[in-house]
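Have the sequence and the structure at hand, and let us walk through them together. We will go from the whole chain to a few individual residues.

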Amino acid sequence: MTRDKDPFDILGDSTLKRAEELCAGLGTSLSLDRRGKARFFRGALTDLDDPSKKDIPVTVAEIEHVPWFTLISDQVLPASGNALLVFRVPPSQDMKYIGKHSEFEPGKRGEQDQGRFVVRFNIIRDARKK
């Protein structure tokens with residue numbers, strides 16, 4: 001190794017180009033671990049098409065600049081195309097969204113997610129606005 005060469009510059013242009021090509025070929029099913037980036041709130045989810053209109057407690061994970069919420073529940077819930085999500089953001093702002101979600105799936109973090117189920121809640125509209 002020569003003294004004028006940066007010791008941390010160990011990847012050549014061809015290696016970097018190949019790495020970029022490999023990353024570009026990754027599928028959209030790739031999920032990034034965003035621990036530490038989310039804010040969590042207690043909320044309730046109601047399937048508006050279910051005649052019982054039962055409120056199910058959920059934890060709402062909000063990640064800045066992500067256009068959906070991740071919902072966490074202690075029970076498997078069926079898919080819904082017309083659900084109401086309500087939660088409160090401190091100091092006292094009530095959030096209400098109409099959205100849709102697929103069936104809740106088991107968490108993927110091993111033992112720490114045992115008994116917890118998650119789903120992506122896609123916002124259709126803000127229910128606070130008329």
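The paragraphs below begin with the overall layout and confidence, then turn to strands, core and two polar residues.

Before anything else, please keep in mind that this is a predicted model. Its mean pLDDT is 79, and 68% of the residues reach 70 or more. A stretch to treat with care is residues 27-33, where pLDDT stays under 50. For that stretch the model has one contact beyond four places in sequence.

Now for the layout. The protein has one helix and seven strands, and reading along the sequence gives the pattern α-β-β-β-β-β-β-β. In other words, the helix comes ahead of the strands in that pattern. How far along the sequence do the contacts reach? Taking contacts between residues at least 6 apart in sequence, 51% join residues at least 24 apart. As for the surface, the accessible area comes to about 9900 Å², and carbon and sulfur atoms account for 52% of it. Of the 130 residues, 25% count as buried.

Let us step into the strands, with strand 3 (residues 68-73) as our guide. Strand 2 (residues 55-63) pairs with strand 3 in the antiparallel sense over three bridges. To find your place in this pairing, look for Ala 61, which stands opposite Thr 70 in strand 3. The hairpin formed by strand 2 and strand 3 has four residues between the strands, and His 65 takes a positive phi near 70° there. Strand 3 also pairs with strand 7, again in the antiparallel sense, this time over six bridges. Here Leu 71 is a handy landmark, standing opposite Val 119 in strand 7.

Leu 71 leads us on to the interior. The largest nonpolar core has 18 residues, and Leu 71 is one of those with the most contacts inside it, a group that also holds Leu 45, Val 60, Phe 69, Leu 85, Phe 87 and Phe 121. Which strands supply this core with at least two residues each? They are strand 1 (38-47), strand 2, strand 3, strand 4 (80-89), strand 5 (93-101) and strand 7. Strand 4 gives the most, with four residues. Val 60 is a good place to pause and look around: leaving aside residues up to four places away in sequence, Val 60 touches Arg 39, Phe 40, Phe 41, Phe 69, Thr 70, Leu 71, Leu 85 and Phe 87.

Two acidic residues make a nice contrast to finish with. Glu 64 is found in the loop between strand 2 and strand 3. Is Glu 64 buried or exposed? Glu 64 counts as exposed because its relative accessibility is 61%, over the 50% cut-off. The side chains of Glu 64 and His 65 are joined by a polar contact of 3.3 Å. Although Lys 37 is 27 residues away from Glu 64 along the chain, the C-alpha atoms of the two are separated by 7.8 Å.

Asp 126, in turn, is found in strand 7 (residues 117-126). With 15% relative accessibility, Asp 126 counts as buried, since the cut-off is under 20%. Setting aside residues up to four places away in sequence, Asp 126 touches Lys 96 and Tyr 97. The side chain of Asp 126 also makes a polar contact of 2.6 Å with the side chain of Arg 128.

Conventions: Residues numbered from 1 in each chain as written. Predicted model: local features only at pLDDT ≥ 70, side-chain atom pairs only at ≥ 80, totals over all residues. Heavy atoms only, no water. Buried < 20%, exposed > 50% of the residue type's maximum accessible area, 1.4 Å probe, protein only. Contact = heavy atoms within 4.5 Å. Areas by Shrake-Rupley, 256 points an atom, 1.4 Å probe, with all protein chains shown as cover. pLDDT = per-residue confidence, 0-100. Polar contact = N/O pair within 3.5 Å; in protein donor to acceptor, adjacent residues only side chain to side chain. Pairing = 2+ DSSP bridges. Core = buried A, V, L, I, M, F, W, Y, C linked by side-chain atoms within 4.5 Å.
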